[in-house]
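Let's take a walk through a protein model together. Keep the picture open beside you and turn it around as you read.

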Protein chains: 2
Amino acid sequence: MSSPSSPPREDTVAVVGVGLIGGSLAGAVRQRGLARRVIGVGRDPQRLAAAQQAGLLDEFTCDLHAAAAESSLMVFCTPVDKIAAQAQQAFATARPGTLFTDAGSVKGPICSDLAAWATGPKVFLGAHPLAGSERAGFEHADPQLFEDRMCVITPLPAHAEQDIARLTRFWQQLGMQTVRMSPADHDAAVACTSHVPHVVAAALAATLRDDQRPLTATGFRDTTRVAAGDPDLWTAILLQNARSVTDGLQAVDAELAAFRTAIERSDPAALKTLLETAKTKRDALTDISRR
Amino acid sequence: MSSPSSPPREDTVAVVGVGLIGGSLAGAVRQRGLARRVIGVGRDPQRLAAAQQAGLLDEFTCDLHAAAAESSLMVFCTPVDKIAAQAQQAFATARPGTLFTDAGSVKGPICSDLAAWATGPKVFLGAHPLAGSERAGFEHADPQLFEDRMCVITPLPAHAEQDIARLTRFWQQLGMQTVRMSPADHDAAVACTSHVPHVVAAALAATLRDDQRPLTATGFRDTTRVAAGDPDLWTAILLQNARSVTDGLQAVDAELAAFRTAIERSDPAALKTLLETAKTKRDALTDISRR
């Protein structure tokens with residue numbers, strides 16, 4: 001459907017890395033008609049063919065340069081330690097006016113490595129859609145993954161408002177809310193909201209003895225759910241955001257020490273105050289459905 | 001419905017403390033026809049009348065002694081630091097043959113305080129159904145709460161097999177699996193599977209700054225969900241199980257330190273190994289639906 005009142009759409013969106021996030025993104029762009037065609041880019045033609053078969057892609061290729069030459073918008077959904085190098089390569093064949101963005105969970109190193117591409121005619125502008133799952137692979141892709149979720153867009157001072165507006169519109173057309181932050185502010189915030197919780201969940205899961213497994217209930221499962229995430233992806237994320245993550249871990253250590261002291265001293269008033277503070281913070285979070 | 005082949009059922013089950021657990025239990029006993037009648041016991045007649053109105057109770061009373069005199073089975077679903085004293089009171093008027101049990105999350109102190117009642121004619125035998133929610137109040141009661149969940153029964157050496165069998169049957173008739181453990185073994189295990197995760201979730205929730213709230217996604221919500229639990233209940237639980245909880249917190253501290261070292265040294269191999277161990281442990285947990 002196309003009419004004079006249709007919202008602007010991209011000609012060709014290339015999604016590099018067709019896993020859970022890339023597959024969901026490609027499927028969402030197709031389902032919402034946000035581009036004339038969606039190309040999947042990856043290493044394994046069999047996997048890409050299966051993703052096409054699943055209705056997530058119009059076309060696919062293993063040739064990053066060829067995809068770049070045909071794209072108006074290219075979204076890198078590959079591991080955070082691969083994005084900058086892949087984007088550098090792709091720029092070589094991209095046409096003027098092409099916008100590059102990504103879905104990486106750490107923005108500082110990527111945006112810094114690609115800072116030379118903040119201004120046109122070919123532009124990289126970082127983004128982080130806060131949506132995901134502990135599951136991996138396009139088989140778990142969900143075109144509704146982004147709906148009502150937050151996307152952080154991380155421009156540098158050199159970025160043009162027009163490019164920021166174009167990218168903001170793209171993520172909003174996927175049903176997302178958007179917020180603009182510097183890469184550094186983004187990384188400090190998600191360290192606390194995502195990366196440190198991942199480490200803490202993993203540490204908890206690691207302490208479980210096999211014979212204790214039958215005594216786990218929903219509480220343990222919820223608290224450790226993210227620890228099932230892909231170890232390679234998370235190794236890259238944690239190391240790319242090392243400074244903010246270690247700062248965040250220190251803050252958690254301090255909190256845990258306060259709890260331990262209150263318990264060791266058998267101090268109900270202090271312990272209750274700690275638990276009340278935590279409850280107040282947690283209660284302030286509205287529920288969002290898990291997709 | 002009653003026939004010669006009907007399973008044995010209790011005459012009168014009294015549930016002391018009609019909150020989320022007590023209300024769910026009362027409702028389940030009624031729904032499954034496990035007793036001729038279910039009496040709710042509490043402090044607030046208006047709340048109890050509302051629970052009766054909601055279909056959870058046949059009758060209610062604020063008189064613990066009167067309820068004890070009429071019960072064949074009495075289940076204490078009150079806070080863990082109140083159960084032993086209330087049971088002691090109730091024993092005064094209970095009839096011979098009455099079985100007392102509880103749903104407390106810590107078993108050592110309760111079972112020790114009530115050790116004199118391990119043998120008849122009136123018996124206390126501790127239990128811990130591993131089911132619950134961060135929500136409080138009978139309004140959130142769910143008669144299906146216990147289905148397919150685990151119930152730990154914690155006899156002392158002095159308990160008679162016949163009493164253990166009777167209580168085991170009761171919890172199994174609610175749809176639960178049962179396991180028998182000493183109170184000390186139970187407390188050490190649930191420290192790791194429930195109490196320490198609660199402290200860790202609370203510590204994480206407490207570190208969240210208000211301005212970071214928009215950047216929380218499902219991961220943060222899941223990891224911190226239990227921190228919304230009732231601070232009074234959890235103060236009592238953590239202090240009653242202080243030794244095991246502080247031991248468990250030490251184990252988590254050691255894991256967190258290993259993560260921190262790997263991140264600070266930028267050691268991808270070490271970090272990946274830690275994440276893989278955690279993932280293996282987490283993947284070994286089958287999913288259970290959250291009720």
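Start with strand 8 of chain B, residues 150-154, which pairs with strand 9 of chain B in the parallel sense over four bridges. To see one of these pairings up close, find Met150(B): its bridge partner in strand 9 of chain B is Gln177(B). Keep in mind as you look that this is a predicted model.

Now zoom out a little. These strands belong to an open sheet of three strands in chain B, with the order 7-8-9 and mixed pairing. Which strands sit at the edges of this sheet? They are strand 7 (126-129) and strand 9 (177-180) of chain B, and each pairs on one side only. Going from one strand to the next, the twist averages 20°. A helix joins the picture too: helix 6 of chain B, residues 161-173, packs on the sheet and touches strand 7, strand 8 and strand 9 of chain B. The direction of helix 6 makes about 150° with that of strand 9 of chain B.

Chain B has another open sheet for you to find, this one built from six strands in the order 3-2-1-4-5-6, with parallel pairing. Its edge strands are strand 3 (59-61) and strand 6 (123-124) of chain B, each pairing on one side only. Look inside the sheet and you'll meet strand 1 (residues 10-16) and strand 2 (residues 35-41) of chain B, which run parallel and are joined by six bridges. Ala14(B), for instance, stands opposite Ile39(B) in strand 2 of chain B.

This sheet has a helix packed on it as well: helix 2 of chain B, residues 45-53, touches strand 2 and strand 3 of chain B. Its direction makes about 170° with that of strand 3 of chain B. Check both ends of this helix while you're here. At the N-terminal end, Asp44(B) acts as a cap, with a side-chain oxygen 2.9 Å from the backbone nitrogen of Gln46(B). Just after the helix, Gly55(B) takes a positive phi of about 90°.

Next, think about charges. Side chains of opposite charge can pair when their charged atoms come close. Over all chains, the count comes to 36 salt bridges. In chain A, one of them joins the side chains of Glu10(A) and Arg166(A), at 3.0 Å from N to O. This pair links distant parts of the chain: Glu10(A) is in strand 1 of chain A and Arg166(A) is in helix 6 of chain A, 156 residues apart.

Finally, how do the two chains meet? Chain A and chain B each put 84 residues into the contact, and the area buried between them is about 7600 Å². Carbon and sulfur atoms give 70% of that area. Three residues stand out on one side: Leu215(A), Arg221(A) and Arg282(A) supply 10% of the area that chain A buries against chain B, more than any other three residues.

There are charged and polar links here too. Between chain A and chain B the count is six salt bridges, including one from Lys272(B) to Asp232(A), whose closest N and O atoms are 3.1 Å apart. The two chains also share 16 residue pairs in polar contact. Which element gives the most to the side of chain A that touches chain B? That's helix 7 of chain A, with 16 residues. The residues on this side of chain A divide into 47 nonpolar, 16 polar and 21 charged.

Technical notes. Residues numbered from 1 in each chain as written. Chains lettered and ligands numbered in written order. Predicted model: local features only at pLDDT ≥ 70, side-chain atom pairs only at ≥ 80, totals over all residues. Heavy atoms only, no water. Contact = heavy atoms within 4.5 Å. Buried area = accessible area lost by both parts, 1.4 Å probe. Salt bridge = Lys/Arg side-chain N within 4 Å of Asp/Glu carboxyl O. Polar contact = N/O pair within 3.5 Å; in protein donor to acceptor, adjacent residues only side chain to side chain. Helix = DSSP H or I, 4+ residues; strand = E, 2+ residues; numbered from the N terminus. Nonpolar A, V, L, I, M, F, W, Y, C, P; charged D, E, K, R; others polar. Pairing = 2+ DSSP bridges. Axes fitted to C-alpha atoms, helices over the stretch in contact; angles between N-to-C directions.
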